[in-house]
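Open the structure and turn it slowly. This report walks through a few of its contacts, its interior and its backbone.

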Amino acid sequence: MTAPDSLPLHATIEANLASASPDLLRAMVKTFADALMSAEADALCNAEYGQVSDERVNHRNGYRPREWDTRAGTVELAIPKLRSGSYFPTWLLERRRRAEQALISVVATAYLLGVSTRRVEKLAETLGVTQLSKSQVSEMAKHLDGRVAEFRNRPLDQGPYTFVWLDALTQKVREGGRVVNIACLVAVGVNNEGQREVLGLDVATVEDGAGWTAFLRSLVARGLAGVKLVVSDAHTGLVDAVAGVLPGASWQRCRTHYARNLLTQVPKSAQPWVATLLRTVFEQPDADAVHQQMGQVIGSLHEKFPAAAEHLENAREDLLAFAAFPRTVWKSIWSNNPQERLNKEIRRRTDVVGIFPDRASVIRLVGAVLAEQSDEWAEQRRYIGSEILGRCRLHPIEGEPTDDTNPTALTA
């Protein structure tokens, strides 16, 4: 078997990236596991791999493969063999769950905090590994940051991206001796194959038009094109940024977020009635019925709550942008709910941290989560079928009814 240490670590990583784009977390676990085993083997030989030393007491003698099943997937480990005696990582002999949790803890913490030699050595002790050289830690750090940079800066060449979802999450960061809030901007799109794909990630000091404009321009520079509809909440400056950077794209205001805004315009006792009334708009069979029902709902609200009726009238066009597309995709494009589920997964990881040490650590952790999610989506069934996606690109579809009941057109 070819020795993993026969090539520099960064060369091995580049080869992995050029081949099959392996799952990010699984690749990180493998990298750390191989590095830890290599460190243990070096300790037994009393010299690093390939080092000429009078103090050497043993030599490497190839590798033997072993599969290790983890929650990140099956990891192909390369266990070093020695010319004299034998070596096997003792932490693999522990209960599988315990060893796996310890190793993933090493990966996650090192990824989050920036991988200093002292910090990684301390974490590695969880697995009984007491010797890691500075060069090994440095290579691991380059590898981890390099993979997220590769993911964030990759060309967006799977377009056109007909539908794009945008959202922002607030994270706490220490800057200048203070704890401040920054906006973490995330974009998700449906690519030419109908698969969802994480398009980009960036951080901004303030969530405003300038931040969204810069973010969207960076996506366009990487290849974002063919956008017909952007789905989001009413973030500050976002609508103007979409109009300025993505000409020809319409904006769908998330119906779920808007419903909450509308309910603040009426007394609490009337909120269930208003919520039910608004839902009837989205239960109609075709676009004409949707627009007609919206008019009736506004009329009903005007009799009892004129302020709420005016609020809904002002949001009318943005709320009903979905109706210009085939009915089959309505449930997929009339809200930001898919993005909310992604945000929940991000927060599950970031809430453990609480306050990040710097912006780079935010990008490091959130970028890893997004890369992992994008890989999972690539292996799932299409989010939108090819045929219906092709019709959506003809937006607006002149003279064609939007009631499409083909059950195979849209898949989860």
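Start with one charged pair. Asp202 and Arg152 form a salt bridge, with their closest N and O atoms 3.7 Å apart. This pair links distant parts of the chain. Asp202 sits in strand S5 (residues 196-204), while Arg152 sits in helix H5 (residues 134-153). The two are 50 residues apart. Asp202 counts as partly exposed, at 27% relative accessibility.

All of this comes from a predicted model, not from an experiment.

**The other salt bridges**

How many salt bridges does the structure hold? The total is 6. Three of them, including the pair above, are set out here.

| Acidic residue | Basic residue | Closest N and O atoms |
|---|---|---|
| Asp42 | Arg60 | 2.8 Å |
| Asp202 | Arg152 | 3.7 Å |
| Glu313 | Arg316 | 3.7 Å |

Take the salt bridge between Asp42 and Arg60. Asp42 lies in helix H2 (residues 24-45) and Arg60 in strand S1 (residues 60-70), so this pair ties together parts that are 18 residues apart in sequence. Are these two partners buried or exposed? Asp42 is buried, with a relative accessible area of 10%. Arg60 is buried as well, at 11% relative accessibility.

Now look at Glu313 and Arg316, which also form a salt bridge. Both lie in helix H11 (residues 306-319). They are 3 residues apart, about one turn of the helix. Glu313 is partly exposed, with a relative accessible area of 39%. Arg316 counts as buried, at 17%. The cut-off explains the two labels: buried means under 20%, so Arg316 passes and Glu313 does not.

**The whole chain**

Step back for the overall count. The protein chain has 15 helices and 8 strands. It has 412 residues, and buried residues make up 49% of them. Its accessible surface comes to about 19800 Å². Carbon and sulfur atoms account for 49% of that surface.

Contacts across the sequence can be counted too. Take the contacts with a separation of 6 or more. Residues 24 or more positions apart account for 67% of these.

**The nonpolar cores**

Next, go inside. The largest nonpolar core has 41 residues. Which residues have the most contacts inside it? They are Phe163, Leu301, Leu312, Phe322, Ile333 and Ile384. Several elements each supply at least two residues of this core. Among them are strand S3 (163-175), strand S6 (229-232), helix H8 (255-263) and helix H9 (271-279). Helix H12 (330-333) and helix H15 (386-392) are also included. H11, the helix of the Glu313 and Arg316 pair, is another contributor. Helix H10 (287-304) belongs to this group too. H10 gives the most to the core, with 6 residues.

Zoom in on Phe322. Leave out residues up to four places away in sequence. Phe322 then touches Gln252, Phe282, Val290, Trp330, Ile333 and Trp334. A second, separate core has 24 residues. It includes Leu199, Trp212, Leu224 and Leu238.

**Cysteines**

How many disulfides does a search of the whole structure find? It finds 0. Two cysteines can still be placed. Cys45 is buried, with a relative accessible area of 1%. Cys254 is buried too, with a relative accessible area of 0%.

**Two backbone details**

Most residues other than glycine have a negative phi, and most peptide bonds are trans. Two spots here are worth a look against that background. The peptide bond from Gly159 to Pro160 is cis, with omega near 5 degrees. Pro160 is found in the loop between H5 and S3. Asn46 has a positive phi, near 65 degrees. Asn46 is found in the loop between H2 and S1. It is partly exposed, with a relative accessible area of 40%.

**Confidence**

Finish with the predictor's own confidence. The mean pLDDT of the protein chain is 78. A value of 70 or more is reached by 74% of its residues. Over residues 1-22 the pLDDT is below 50. Beyond near neighbours in sequence, this stretch has 29 contacts in the model. Residues 126-132 also have a pLDDT below 50. That stretch has 23 contacts in the model, beyond near neighbours in sequence.

How values were computed
Residues are numbered from 1 along each chain as its sequence is written. This is a predicted model: local features need pLDDT of at least 70, side-chain atom pairs count only at pLDDT 80 or more; totals for chains, interfaces and linings use all residues. Side-chain values use heavy atoms; hydrogens and water are left out. A salt bridge is a side-chain nitrogen of Lys or Arg within 4 Å of a carboxyl oxygen of Asp or Glu. Helices (H or I, at least four residues) and strands (E, at least two) are DSSP runs, numbered from the N terminus. Buried means under 20% relative accessible area, exposed over 50%, partly exposed in between (1.4 Å probe, protein chains only). pLDDT is the predictor's confidence in each residue, from 0 to 100. Contact means heavy atoms within 4.5 Å. A nonpolar core is a set of buried Ala, Val, Leu, Ile, Met, Phe, Trp, Tyr and Cys residues joined through side-chain atoms within 4.5 Å. Accessible areas come from the Shrake-Rupley method with a 1.4 Å probe; for residues, only the protein chains shown count as cover. A disulfide is a pair of cysteine sulfur atoms within 2.5 Å.
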